[in-house]
Every structure is written in structure tokens, then in C-alpha cells.
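Open the model in your viewer and keep the selection box at hand. Each stop below says what to select, then what is there.

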Amino acid sequence: MLNRKPTFFFFYKATCFMIFINVALVTAKSTIEPCSNSDSCSALLGYTLYTDLKVAEVASLFQVDPISVLTANAIDISYPDVENHILPPQLFLKIPILCSCVDGIRKSVSIHYKTRPQDTLSSIADSIYAGLVSADQIREANSIADPSVLDVGENLVVPLPCTCFNGTDNGLPAIYLSYVVKAVDTLAGIAASYSTTITDLMNVNAMGSTSIKAGDILAVPLSACASNFPIYASDRGLIVPNGSYAITASHCVQCSCGPGSHNLYCMPASLAVSCSSMQCKSSNLMLGNVTVQQSSAGCNVTSCAYAGYANGTIITSLSSSLQPRCPGPQQFPPLVAPPTHVTRDSVFAPAPAPQSNGATTTVPKTSFPSTGSLPGLPPAGAPIGSLSDASTLVNSVAALPTALVIYFLIKYSN
């Protein structure tokens with residue numbers, strides 16, 4: 001009698017093989033940026049509020065200064081008691097964080113969460129931190145043996161995704177936003193909302209196709225204005241995204257990055273109270289002042305610029321130059337009142353596909369250079385893993401030629 005294994009056994013093992021591939025590929029949710037030193041950079045998290053929270057409560061979740069949350073979102077900080085303003089649920093905010101290099105990978109590990117009654121790893125990951133982290137990632141970061149048992153008051157490390165890419169995008173200053181893809185999103189919509197291109201998003205995230213799905217986390221480059229302060233300045237490396245501002249020098253100086261600009265402009269902050277001198281030496285100009293004088297040779301421009309904060313002192317720099325034409329007025333990002341509700345067209349909303357009041361929107365076709373990569377694999381030389389492309393790769397495996405599937409069946413039947 002011939003000893004033959006049942007046919008279903010072949011398919012069982014082949015199915016297990018496919019499930020293993022799927023599990024292995026979708027473990028991570030975001031782009032992984034390798035790193036080999038201990039430096040850090042400024043980064044942003046795209047965060048959607050799970051309930052109504054005070055500004056200070058949002059800041060506490062991420063252990064950041066409440067003022068920095070407001071300024072990153074171009075919210076006017078001059079409103080009375082603004083740190084206790086209640087923000088509405090489902091509001092989308094950019095949260096500034098420090099992105100570090102940990103065990104050769106870029107991530108933020110400075111954020112801790114103290115557990116409360118009824119908390120689970122899933123509720124912390126999916127609700128409180130809005131999908132920026134997974135329950136498994138929290139479990140692994142805290143060496144939790146039994147995730148079903150959480151003691152009230154446990155202090156958990158919450159590892160959050162971030163990227164630096166040398167603070168540049170295509171050679172220009174940039175700061176990277178970790179954005180959780182929503183069900184309504186398309187890659188074209190995200191690119192349009194953040195003034196970038198589909199090609200750039202694909203390159204940054206090592207994507208082999210434009211396919212994205214809800215829960216993926218994309219690194220989105222935002223054009224920015226970068227400082228050039230001396231190494232001894234405590235705020236060296238200050239970088240501000242377009243359309244926002246930052247408060248520095250112990251809340252004495254406000255630095256803005258106007259729309260479409262790469263030039264950081266700093267002036268005394270609106271709430272400056274007890275600050276060191278902001279006057280440029282050998283001049284009657286104050287920080288942020290610019291004088292222009294037209295002449296037959298061009299325009300003489302003299303400015304008093306901010307040059308960093310060191311040992312409690314505001315450093316200023318006086319410069320004069322002859323320019324072909326006189327500069328126009330400084331562009332400031334438009335500031336908004338602290339939001340009280342969320343609307344479809346709110347500047348704080350996530351990035352859906354481009355739409356216009358029911359009218360059909362045509363997205364221009366984009367040509368992608370040939371890389372010679374296999375379908376579903378990231379382009380050569382791209383950063384390690386947008387695991388947003390994991391599903392694409394799984395689909396590619398599922399579509400393998402019949403002969404290859406038969407090979408797996410024979411291999412696993414022996």
C-alpha cells in the first residue's frame with residue numbers, strides 16, 4: 001500500500017508558510033531609519049485627540065512644553081490661560097518631540113505613560129496614543145511577560161516613531177512628521193496637504209507602490225527654516241516648519257518660518273517679560289529690526305538678527321549688505337485662535353484625498369523612474385522599510401507563479 005500524505009496537508013503547510021510571511025512583514029508600522037551615533041533631531045508626531053483634553057494634558061502625554069504644542073500648530077499663545085484651554089476630540093495636532101538614536105534605529109523613547117484603571121496595552125496604543133505605536137511595541141519596550149495584567153500606576157516607556165534624515169529633504173531644510181494613515185487617505189492627498197510630491201513620499205518611505213492602508217505610519221517631510229547658531233548656544237539646531245513658529249531663549253524670543261520660506265526670522269516674543277538685552281551692539285537696532293536705504297548701486301540693508309541663547313544671554317548679530325533690490329516685508333505664519341471644534345476643512349484635520357465641494361478632482365499622473373526593483377520591493381538605496389509596503393509584498397508573494405507554489409508544496413511535503 002502506498003503511503004501518501006493527504007492532499008490537504010500540503011495546502012496546510014503552504015498556508016502556514018504564507019501566514020508566517022505575512023506576520024513577519026507587518027510587525028512594524030513605520031519607516032525605519034538606521035543610525036550609528038547618539039545624536040538627535042527635532043521631529044513631529046501627527047496626533048489625533050481621542051477625547052477632549054486641555055493643552056497641558058496633551059503636552060503631559062508626550063512630556064513636552066505646552067507652549068511648544070501651541071506654536072507647532074500656529075496657535076496664538078497670547079490668549080489668557082491658553083495652557084488650560086480645552087481642545088476638542090478628533091482634533092489633529094503636530095506634537096514636537098526629540099528623535100534619538102537607540103540601538104541603531106531612530107525612535108523616541110523619552111515618553112512615559114502611567115497606567116490607569118481599565119487601561120490595556122491596546123487601548124494605550126490605539127486610543128490614547130492614536131495608533132502611533134502598537135501594543136506589541138509597548139510590550140517589548142517594557143519586557144511585559146503577560147500583557148493581560150497591568151498594574152495601576154505602572155510607568156511604561158512608549159516608543160514612538162520618528163525620523164531625522166539629516167534634517168534635510170532634497171538638500172533643503174526639513175523636519176519630518178510621523179503621520180498615521182486614515183481610511184480616507186490617499187498618497188496623492190497626503191502629498192498635496194503637506195506640499196510635497198508623491199515621488200518624494202515614496203522615496204522617503206522606501207515604497208514600491210502608491211498603495212497605503214489605514215494604520216500605516218508615513219514619514220512626511222515638511223519644508224522648514226533652519227538656524228545656524230554657534231555650537232555653544234543652548235538652542236543650536238533650532239528648526240521651524242513652514243507656517244509655524246517657535247519660542248526660545250527662555251520664552252523671550254519668537255522665531256517664525258513664513259509660508260514658502262527657508263529664512264528663519266526672530267523677534268522679541270509677545271509674552272517676553274524678564275529678558276536680557278535684545279539690542280545689537282554698536283547699533284540702535286533691536287532684535288528683528290531691519291533698515292533699508294535705496295541707492296543708485298542697489299539697496300543697503302542692515303539687520304539685527306538673533307544668533308542663539310547662551311548662559312542666560314540673548315546673542316544678537318548685526319549685519320549690513322548691498323542687495324540688488326530692497327527686501328519686501330517679512331512674511332509671518334497666520335496665527336489661529338485656540339480651536340474649540342473640528343470642521344472638515346480645518347487646518348488641523350488629517351489629509352484626505354483632494355476634494356472640492358462635490359466636484360470631480362483630477363489628480364495629475366506622475367511618472368516614476370524605473371529602478372529595476374521587483375514588484376512590492378522598495379527602490380534600491382531607499383531607507384529600510386516602510387512597512388506600509390508589507391501588504392504589497394505579501395500580495396506579490398500570493399501572486400507567485402503556479403510552478404513556484406507547487407515547489408513550496410513539494411518542499412514542505414518531504
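Start by selecting Tyr 47 and the residues around it. This is a predicted model. Leaving aside residues up to four places away in sequence, Tyr 47 touches Leu 53, Val 58, Leu 61, Phe 62, Leu 91, Phe 92, Leu 93, Ile 95, Ile 128, Tyr 129, Ala 130 and Leu 132. Keep these displayed; several return at later stops.

**The largest nonpolar core**

Which members of the largest nonpolar core touch the most other members? Select Tyr 47, Phe 62, Ile 95 and Tyr 129: they are the ones, out of 48 residues in this core. Now colour the elements that give two or more residues to the core: β1 (41–48), α2, α3 (66–72), β4 (92–102), α4 (121–128), α5 (135–141) and β12. The most comes from α2, with 5 residues. Another core lies apart from this one. It has 22 residues, including Phe 92, Ile 175, Ala 224 and Ile 239.

**Helix α2**

Select residues 55–62, which make up α2. Show the side chains of Val 55, Val 58, Ala 59, Leu 61 and Phe 62; these are the buried residues of the helix. Look down the axis. The buried residues cover an arc of only 155°, which puts them on the same side of α2. Then step on to Gln 63, which follows α2. The phi of Gln 63 is positive, near 50°.

**Helix α4**

Which residues of α4 are buried? Select Leu 121, Ile 124, Ala 125 and Ile 128. Look down the axis again. The buried residues of α4 fall within an arc of 125°, so they line one face of the helix. What covers them? Bring up β1, α2, β6 (112–114), α5 and β7 (155–157), which are among the elements over the buried residues of α4. Now select Ala 130, just after α4. Ala 130 takes a positive phi of about 55°. Ala 130 is also one of the residues that Tyr 47 touches.

**Two loop residues with positive phi**

Select Ala 74 in the loop between α3 and β3 (86–87). Ala 74 is not a glycine, yet its phi is positive, about 55°. Is Ala 74 buried or exposed? Its relative accessibility is 7%, so Ala 74 counts as buried; the cut-off for buried is under 20%.

Next, select Ser 282 in the loop between β14 and β15. Ser 282 is not a glycine either, and its phi is positive at about 60°. Ser 282 is exposed, with a relative accessible area of 80%.

**The sheet β12-β13-β14**

Select these strands together. They form an open sheet of 3 strands, in the order β12-β13-β14, with antiparallel pairing. β12 (244–248) and β14 (265–268) are at the edges. Each has a single partner strand, so one side of each is left without a neighbour in the sheet. From one strand to the next, the twist averages 25°.

Zoom in on β13, residues 253–257. It runs antiparallel to β14, and 4 bridges join the two strands. Pick Gln 254: Met 267 in β14 stands opposite.

**The sheet β15-β16-β17**

Move on to the open sheet whose 3 strands are ordered β15-β16-β17. The pairing here is antiparallel. Which strands are at the edges? They are β15 (290–295) and β17 (313–323), and each pairs on one side only. The twist from one strand to the next averages 20°.

Select β16, residues 298–310, along with β17. These strands pair in the antiparallel sense over 10 bridges. For one bridge, pick Ala 305; its partner in β17 is Ser 317.

**Zoom out**

Show the whole chain. Its secondary structure comes to 9 helices and 17 strands. The chain has 414 residues, and 43% of them count as buried. Among contacts with a separation of 6 or more, 66% are between residues 24 or more positions apart. Finally, turn on the surface. The chain exposes about 21900 Å². Carbon and sulfur atoms supply 56% of that area.

Key: Residues are numbered from 1 along each chain as its sequence is written. This is a predicted model: local features need pLDDT of at least 70, side-chain atom pairs count only at pLDDT 80 or more; totals for chains, interfaces and linings use all residues. Side-chain values use heavy atoms; hydrogens and water are left out. Two strands pair if DSSP finds at least two bridges between them. Axes are lines fitted to C-alpha atoms, for helices over the stretch in contact, and angles run from 0 to 180 degrees between N-to-C directions. Buried means under 20% relative accessible area, exposed over 50%, partly exposed in between (1.4 Å probe, protein chains only). The arc is that of the directions from the helix axis to the C-beta atoms. A nonpolar core is a set of buried Ala, Val, Leu, Ile, Met, Phe, Trp, Tyr and Cys residues joined through side-chain atoms within 4.5 Å. Contact means heavy atoms within 4.5 Å. Accessible areas come from the Shrake-Rupley method with a 1.4 Å probe; for residues, only the protein chains shown count as cover.
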